[in-house]
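Work through the exercises below with the model open beside you. Try each task before reading its solution.

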Amino acid sequence: MRRVQIFDTTLRDGEQSPGISLSVEEKVEIAHQLARLKVDVIEAGFPITSEGDFEAVSRIAAEVRGPAVAGLARVKFPDIERAWEAVKWAGKPRIHTFVGTSDLHIEYQMRSSREQVVKEAAEAVRFAKSLAPDVEFSPMDATRTEIGYLSEVVAAAVEAGADVINIADTVGYTTPAEFAALLKELQQRVPELKERTLSVHCHDDLGMAVANTLAGVEAGATQVEVAVNGIGERAGNASLEEVVMALATRKDFYGVEVGVDTRQLANTSRMVSNMTGYEVPPNKAVVGRNAFAHESGIHQDGVLKDRRTFEIMVPQDIGLDGNNIFLGKHSGRHALKEAFEELGYHLEGDALNRAFRQFKEIADNKAVTAADLEAIAVDQVGSFEGKFELSHFRVVAASDRQSRAAVTISHAENGTYEAEAEGEGPVDAVFKAIDAATGIKGRLKEFRIDAVTGGKDALGEVRVRVEFEGEECSGRGLSQDVVEAAARAYVRAANVYVANRSGARVTQEAI
Ligand SMILES: CC(=O)SCCNC(=O)CCNC(=O)[C@H](O)C(C)(C)COP(=O)(O)OP(=O)(O)OC[C@H]1O[C@@H](n2cnc3c(N)ncnc32)[C@H](O)[C@@H]1OP(=O)(O)O
Ligand SMILES: CC(C)C(=O)C(=O)O
């Protein structure tokens, strides 16, 4: 049976979603989980874009075993060299180079000509192939490229040594039937494609990314590029879990195999959602909260008699058989570490110790759920421990006057600072008091609060984006007290700013 390779681009195209900015640690953690999920290729980033991206791709290449690790590069030699420097540590390194091939892209973005682009594409592939054993080439905006020219570029890339040709529906423009016809014609015009991996990369601008990807498989694609929870540029990429479960559940129709361990899908989806802050809609296919919930009487009746009447998959298929995590205030580090592992997180050393302290504080007040543990793990994986720490705060809030806050902030080298301030509400007052104590004035750009679980005792998770002297830094805080969660998030953002200012740039655009 034909095997379809799963190429995951959560860490590259997925991270291009507006507002998502993952730290190096978070990317490495997600990459480990993708390896547990058994994807075939992890596109770990675009190494030329920043020091942080380069570091993340290098670490994933060096640490994560199993999948091939790809780095993206324009058809520019410095991009390709940088991508190779980052992926060369991988067991199976891949360079992925791309260029726009539609007349729109050639004329208006590249300000180039068809002849020049085909030449640069071939030279880039040849150069990449001189460095890496495995090279992928993507004609960007392929679905709006005239078929004769697309065939010419693809033939040139194949001739130059490309191992994988990836046909990109960059702006989510095509339709399933049209895409299948394009792929079939391309394979006829470039018969050498038979000896290469034919891949598809579809975007969801018209809500057809998954349908187009599956049409691609029907038309002969042997690699699909997908992202967990469908995140990605604009409306996102084809969703990994939907494509995988469609191919697995309808194996009778598609007649292909995938190597993914589908029982890791639920954990992976939650991890990506927790780390990116992009929530999964309750009605999302496969991993939404309601994907296996039956609300109406007739459906419930049918499922009770025989679940197959209204269910085409079972929750266990995606790893929703309920975990066995029962942790309380008497649990120790070993049990906590084990519980994190079960949820897909590797925590050790200082991160485990910090997580353990946080866990004990919470367990003293409430029953700890799996969602709480995930929030603690995410908090620690992504945490950047800087010089300032919130030691204590007090806040007085009333409806008829300004709120007043007092904070004590300790500094790793300089002792403690205390300050008081008034503000429009308790959070504003605490932020102003922190500004006064640290001596760094911040301007809040974004504030988001989420309850980790339901109920009065739920943990509150706050994410902030703060501008300090023109530089935007992010922070995240977790506590049962939402003002404390906000204060912690704000102090973390200040720590990122201080580290960046002192030259020890935090390898993350945000926390
Ligand atoms: C469809 C996709 O998802 S493509 C991937 C998109 N991802 C990203 O853009 C990642 C984040 N990007 C970045 O950090 C920056 O854009 C960088 C570092 C890559 C480049 O930054 P800059 O050099 O400042 O260029 P800028 O982004 O303003 O413009 C892009 C340049 O690359 C050129 N370019 C775009 N795609 C390609 C390509 N595939 N091959 C060669 N050149 C290209 C553009 O024509 C433009 O060139 P110009 O400066 O001569 O006009
Ligand atoms: C780099 C390419 C494959 C891409 O992301 C796109 O065209 O959408």
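The exercises that follow concern a predicted model.

**Exercise 1. Strand pairing**

Find which strands pair with E2, and in which direction they run.

Solution.
- Start with E2, residues 5-8, and E9, residues 223-226. Four bridges join these strands, and they run parallel.
- Pick out one pair: isoleucine 6 has valine 224 of E9 as its bridge partner.
- Turn to E3, residues 41-45. Two bridges link E3 to E2, again in parallel.
- Check a residue pair here too: valine 41 in E3 lies opposite phenylalanine 7.

**Exercise 2. The crossover**

Determine which helix belongs to the β-α-β unit of E2 and E3, and state its hand.

Solution.
- Leave E2 and follow the chain to helix H1, residues 24-37.
- Continue from H1 into E3.
- The β-α-β unit made by E2, H1 and E3 is right-handed.

**Exercise 3. Domains and a contact surface**

List the assigned domains, then describe how domain 1 meets domain 2.

Solution.
- The domain assignment gives domain 1 (2-276), domain 2 (294-319), domain 3 (333-381) and domain 4 (388-501).
- Take the centres over C-alpha atoms: those of domain 1 and domain 2 are 35 Å apart.
- Count contacts, using C-beta atoms within 7 Å. Eight residues of domain 1 touch five residues of domain 2.
- Locate the domain 1 side. Helix H9 (240-249) and helix H11 (265-276) each provide at least two of its residues. H11 contributes the most, with three.
- Sort that side by class: three residues are nonpolar, four polar and one charged.

**Exercise 4. The shell of ligand 1**

Say how many residues surround ligand 1, which come nearest, and how the shell divides by class.

Solution.
- The shell holds 15 residues.
- Coming nearest are Thr49, Arg74, Val75, Val99 and Met110.
- By class, seven shell residues are nonpolar, four are polar and four are charged.

**Exercise 5. Annotated positions**

Identify the residues under the UniProt annotation "binding site" and decide whether they are clustered or scattered in space.

Solution.
- Read the record: an unreviewed UniProt entry gives Asp13, His201, His203 and Asn237 as "binding site".
- Compare sequence with space. These residues spread over 225 residues of sequence, yet they cluster in space. Their largest C-alpha distance is 10.3 Å.
- Place one of them: histidine 203 sits in the loop between strand E8 (197-202) and helix H8 (209-218).

Technical notes:
Residues are numbered from 1 along each chain as its sequence is written. Chains are lettered from A and ligands numbered from 1 in the order in which they are written. This is a predicted model: local features need pLDDT of at least 70, side-chain atom pairs count only at pLDDT 80 or more; totals for chains, interfaces and linings use all residues. Two strands pair if DSSP finds at least two bridges between them. A crossover is right-handed if, with the strands pointing away from the viewer, the path from the first strand over the helix to the second runs clockwise. Domain bounds come from an automatic or database domain assignment. Two residues are in contact if their C-beta atoms, placed from the backbone, lie within 7 Å. Ala, Val, Leu, Ile, Met, Phe, Trp, Tyr, Cys and Pro count as nonpolar, Asp, Glu, Lys and Arg as charged, and the others, Gly among them, as polar. A residue is near a molecule or strand if its C-beta atom, placed from the backbone, lies within 6 Å of it. UniProt positions are given in the numbering used here, feature names are shortened, and annotations may be inferred rather than shown by experiment.
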